[in-house]
Amino acid sequence: MTISRLGRAALAIAVALSPAAACSRQNPKGEVTVLALWTGSEKAAFTEVLEAFKGRTGIVPVYQDTRALPQVLQAEVETGNPPDVAIMASAGEFAEYARDGKLVKLDGLVGEHRRAFKEHWLLPMGEGRDRHVYAVPYKVSFKSAIWYRPGRTPEPPRENWDRLVSYTTSQAGAGITPWCMGMGDAPSSGGTGTDAIEDILLHRSPEVYEKWATGRQSWSSPEVRDAWETWHEVFVEHAYGGPRAALSTDFQDGGRPMFADPPGCLLEHQGSFIVEFYEQYRGLPNGAPRAGADFDFFPFPRSTRPGTRPASRGWARSIWP
């Protein structure tokens, strides 16, 4: 999968922290510990993958799940007892571990499978001939999506940011809450908000976004400040239940009011992974929501500001050192 010119994608990155994971011959038919943040139904699905791996290789995977993955991983690395494999959602954290020499090089292990990935998806670290592969992409989620209920709410505009803003204010003026929002995800709450801020900045100026993502653009620069302020004016001020409710509502449940009758809110900015949670909602007037029938999405609309242009397919290639 390539990064869409219309939006962003989030990676789940599998990294090896011990030689046992990089070469099964060092641990024949032994155990390989895997640390990831998937719990509940996501854990059940991943466990099926691990069982298939065990049946095919004879290696016993020992799965450790935690919602506090960054903190747990850092503590285990610092105490000298890291997992063999960690599934990381943050490319920035991955890069820090690679630069600190905490990861096992996977150049030989990836081998011929390297052709299956575009170079930037393997996130090679280093310069020139010293660039090494430390990770393998495991899962990708599209994160520039806006979800809504087709046929049950005023049809939202799809192609133009200014029209979406006008839609937001007009619906609010009519007494209808435009945006569903849940930002709770302890201990990493707030991701829903930062995703929207990134989308605003990316669709206004891919160049500025790239500089910001690589630490070359100040957080206090006018462009970044304006993205934060726009997020507050468009999303937060029109969020279901208000800002405090959005902060205390778990991200998995942020869209639940959209399926009430009548809907409590009309739109939700959320990644593609939210489909699984929508389909598990219970106790709703019309039963569990069904994709395509009860909810649909459109990509984050392009900006019409003078001097802006859509994000390029290749913008991510220069992010990784």
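This is a guided walk through a predicted model, from the whole chain down to single residues and bonds.

Let us start with the overall picture. The chain has 321 residues, and buried residues make up 45% of them. Its secondary structure comes to eleven helices and eight strands. If we take contacts between residues at least 6 apart in sequence, 77% of them join residues at least 24 apart. With that in mind, we can follow the chain from its early strands onwards.

Strand 2 spans residues 31–36, and E31 belongs to it. Strand 3 covers residues 60–65, and V60 is found there. These two residues make a good pair to look at together. Setting aside neighbours within four places in sequence, E31 is in contact with V60, V62 and D84. Its C-alpha atom lies 6.6 Å from that of V62, although E31 and V62 are 31 residues apart in sequence. Seen from the other side, V60 touches G30, E31, V32 and K54, again not counting residues up to four places away. V60 and G30 are 30 residues apart along the chain, with 6.0 Å between their C-alpha atoms. Is V60 buried or exposed? With a relative accessible area of 27%, V60 is partly exposed, because buried requires a value under 20% and exposed one over 50%.

Next, please turn to the sheet formed by strands 6, 7 and 8. These three strands make an open sheet in the order 7-6-8, with antiparallel pairing. Strand 7 and strand 8 (296–299) are the edge strands, each pairing on one side only. From one strand to the next, the twist averages 30 degrees. As a reminder, strands of a sheet pair through backbone hydrogen bonds. Strand 6, residues 145–148, is joined to strand 7 by three bridges. In one pairing to look for, Y148 has L267 in strand 7 as its bridge partner.

The helices come next, and helices 7 and 8 reward a close look. Two packed helices are described by the angle between their axes and the distance between the axes. Here the axes of helix 7 and helix 8 come within 5 Å and cross at roughly 130 degrees. Helix 7 and helix 8 are therefore oblique to each other, because the crossing angle falls short of the cut-off of over 145 degrees for roughly antiparallel and lies outside the 65 to 115 degrees of roughly perpendicular. Which residues meet in this contact? Helix 7 brings I197, E198, L201, L202 and R204, while helix 8 brings P206, V208, Y209 and W212. By character, the residues of this contact divide into seven nonpolar, no polar and two charged.

Helix 8 itself runs over residues 206–213, and its buried residues are P206, V208, Y209, E210 and W212. These buried residues pack against helix 7 and also against helix 9 (222–234). Just after helix 8, the backbone at G215 takes a positive phi of about 80 degrees. Most residues other than glycine have a negative phi, and most peptide bonds are trans.

That brings us to helix 10 and the loop that follows. G242 sits in helix 10. At 17% relative accessibility, G242 counts as buried. Its C-alpha atom is 9.6 Å from that of T177, a residue 65 places away along the chain. Beyond helix 10, the loop leading to strand 7 holds P262. The peptide bond joining D261 and P262 is cis, with omega at about 5 degrees.

The same loop takes part in the final feature of our walk, the disulfide. The structure holds one such link, and its partners are C180 and C265, with sulfur atoms 2.0 Å apart. What does this pair tie together? C180 lies in the loop between helix 6 (161–173) and helix 7 (191–204), and C265 in the loop between helix 10 (242–248) and strand 7 (267–269), so the bond ties together parts that are 85 residues apart in sequence. The link is right-handed, with 105 degrees about the S-S bond. Both C180 and C265 are buried.

Terms used: Residues are numbered from 1 along each chain as its sequence is written. This is a predicted model: local features need pLDDT of at least 70, side-chain atom pairs count only at pLDDT 80 or more; totals for chains, interfaces and linings use all residues. Side-chain values use heavy atoms; hydrogens and water are left out. A disulfide is a pair of cysteine sulfur atoms within 2.5 Å. Helices (H or I, at least four residues) and strands (E, at least two) are DSSP runs, numbered from the N terminus. Buried means under 20% relative accessible area, exposed over 50%, partly exposed in between (1.4 Å probe, protein chains only). Two strands pair if DSSP finds at least two bridges between them. Axes are lines fitted to C-alpha atoms, for helices over the stretch in contact, and angles run from 0 to 180 degrees between N-to-C directions. Contact means heavy atoms within 4.5 Å. Angles under 35 degrees count as roughly parallel, over 145 as roughly antiparallel, 65 to 115 as roughly perpendicular and the rest as oblique. Ala, Val, Leu, Ile, Met, Phe, Trp, Tyr, Cys and Pro count as nonpolar, Asp, Glu, Lys and Arg as charged, and the others, Gly among them, as polar.
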